Amino acid sequence: MNKFKDTDMQAVIGWILRAGVLVSMSVIFIGGIIYLYRHGQTHVDYSKFVGVPDFVSNPGGIIQGIFTLRGRAIIQAGIVLLIATPVIRVIFSAIGFIMEKDFMYTAITMLVLFIILASMMSGHAG
Amino acid sequence: MSVTILTLIILVGSYLAGLLGSLTGLGGGVVIIPLLTILLGVNIQYAIGASLISVIATSSGSAAAYVKEGITNIRLGMFLEIATTAGAMVGALIAVYIPTNFIAVLFGVILILSAVMSLKKKAEHIHQQKSILAEKLKLNGSFPTPAGEVAYSVRNVGGGFFMMLFAGVISGLLGIGSGALKVLAMDGIMRIPFKVSTTTSNFMIGVTAAASAVVYLQRGYIDPGLSMPVAIGVLLGALSGSKILVHTSSSGWLRVVFAVVVTFLASQMIYKGITGTI
C-alpha cells in the first residue's frame, strides 16, 4: 500500500468524476423523459419564486416519487447524485492522502468536507 | 408555455451557452442566467439554482479529463477549496437576505469582468522564486508540456487564498463557477502557469458549487423541471466545444463576438436590476 502515489490518485479521481457525471446525468435524462411524457402539455410558469413542489422538497418524498415513477422525483434524485459527485471526489482524496501518509493534506481535505457538511446543516436550519 | 416547448427552447439555448462557454473559456453558467431571466422571464432564483447544477456537471466532466493528464495541481486545488467552499457557503446563506435587484446588478458586473478577462492575452509565465509558505504547503509542482515536465513555484499564497474566498462568495451568491475570478487569483496573484491555473480552477469549481448547492437544494431554488434541460444542454454543449477546440487553433474572432454578446446581456441585467424589473 505504500506504493500509492499522486498518479494513482489522479486516476481514481478522474474515474469517480466521470462515473458520477455519467450516472447522474442518465438518471436526470430518464426522469426528464417521464416528466415530459406525463406533463408535456401542462402549463408552466417560472416567473414567480414559489420554491419546488412538496414531493421533491424532502428525501422521503423523492424516494416515494421514484417508486411511483414520478419524473421530477427521478430528476431530483439525479441532481442529488450530481451534487454528491464532487463531494465523493473529496472523500476519496482524503483516503488517498491517508494512504500517501500525507497527514497535512488529510487534515486540509477533512476541513473542506467539514465546511460542506456545515453548509448542508445551515441550509437545513434556514 | 407548455412544458414540452419550454424544455426544448431551454435545451437548445443551454446547448449554445455550453458550447460558447467552453470555446471561450467563460463557462456555461455566465450565459445561462441572462438567457433564462432576460429572454424567457424565469425568476432569477430558479435561474441561479439551475445554473449551479449545470456548473457542477460541466466542471466535473471536464476535470475528469484534465486530472488524468496530470496538469491539475490537486494539492493546490484542495488547499484553495478551503477558501472557495467557505466562501460559497457564506454566499448561499446571505443570498436570501439580498434583494434580487442587487444580485442582478452584481451579476452584470461580474459578467463584464469575465468577458474582459477572456479577451486578455494569455502569457505563460513560469516562476522559480521560492515562497516559504508555498513550500511548507507543498504547493509547488510541475506539469507536462511537449518539451517535457516543467516545474513551477507558487507565490503570494495569502493573497491568492483571500481572492479565492471572494470567488467562493460570488459563486455561492450568483450560482456561477466564477472561473474568471479563480484564474485571476491563481494566474494573476499566485503567478501559476496559465494552463495549470485554468485546469485547477475547473477542478475546484465542482466542489465550490456543491457547497452552495446543498443550501439552495433545501431552499427550493433547484427546480427539477427547469434544471433538467439546463444541465443536459450545457453539458452536451461543453462536450461539443471541447471537441471543436482540439481542431481549431485560432478562436480569436469568436472571443470578440462572444465578449460583445456577453457585455450586451450584462448591461441588460444591470439595467433591469436598477429599474427593478428583473
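The contact between the two chains takes 53 residues from chain B and 56 residues from chain A, where two residues are in contact if their C-beta atoms, placed from the backbone, lie within 7 Å. This is a predicted model, in which local features need pLDDT of at least 70 and side-chain atom pairs count only at pLDDT 80 or more, while totals for chains, interfaces and linings use all residues. Residues are numbered from 1 along each chain as its sequence is written, and chains are lettered from A and ligands numbered from 1 in the order in which they are written.

Let us stay with the side of chain B that touches chain A. The helices in the table each supply at least two residues to that side; helices (H or I, at least four residues) and strands (E, at least two) are DSSP runs, numbered from the N terminus.

| Helix of chain B | Residues |
|---|---|
| α1 | 3–24 |
| α3 | 44–69 |
| α4 | 74–95 |
| α9 | 194–219 |
| α10 | 224–247 |

With 11 residues, α3(B) gives the most to this side. By class, the side has 33 nonpolar, 15 polar and five charged residues. Here Ala, Val, Leu, Ile, Met, Phe, Trp, Tyr, Cys and Pro count as nonpolar, Asp, Glu, Lys and Arg as charged, and the others, Gly among them, as polar.

Now for helix α2 of chain B, residues 29–39, which is mostly covered, with nine of its 11 residues buried. A residue is buried if 20 or more other C-beta atoms lie within 10 Å of its own, exposed if 12 or fewer, and partly exposed in between. Among the buried residues of α2(B) are B:V30, B:I32 and B:L35. Just after α2(B), B:G41 takes a positive phi of about 65°.

Next comes a pair of helices within chain B. In α5(B), B:I103, B:L106, B:F107 and B:I110 meet B:I170, B:L173 and B:L174 in α7(B). The residues of this contact divide into seven nonpolar, no polar and no charged.

Finally, there is a hairpin, formed by β1(B) and β2(B) with two residues between them. Strand β1 (residues 141–145) of chain B pairs with β2(B) in the antiparallel sense over five bridges; two strands pair if DSSP finds at least two bridges between them. B:G141 stands opposite B:Y152 in β2(B). Strand β2 of chain B, residues 148–152, also holds B:A151. B:A151 is exposed, with 10 other C-beta atoms within 10 Å. The C-alpha atoms of B:A151 and B:P193 are separated by 9.8 Å, although these residues lie 42 residues apart along the chain.
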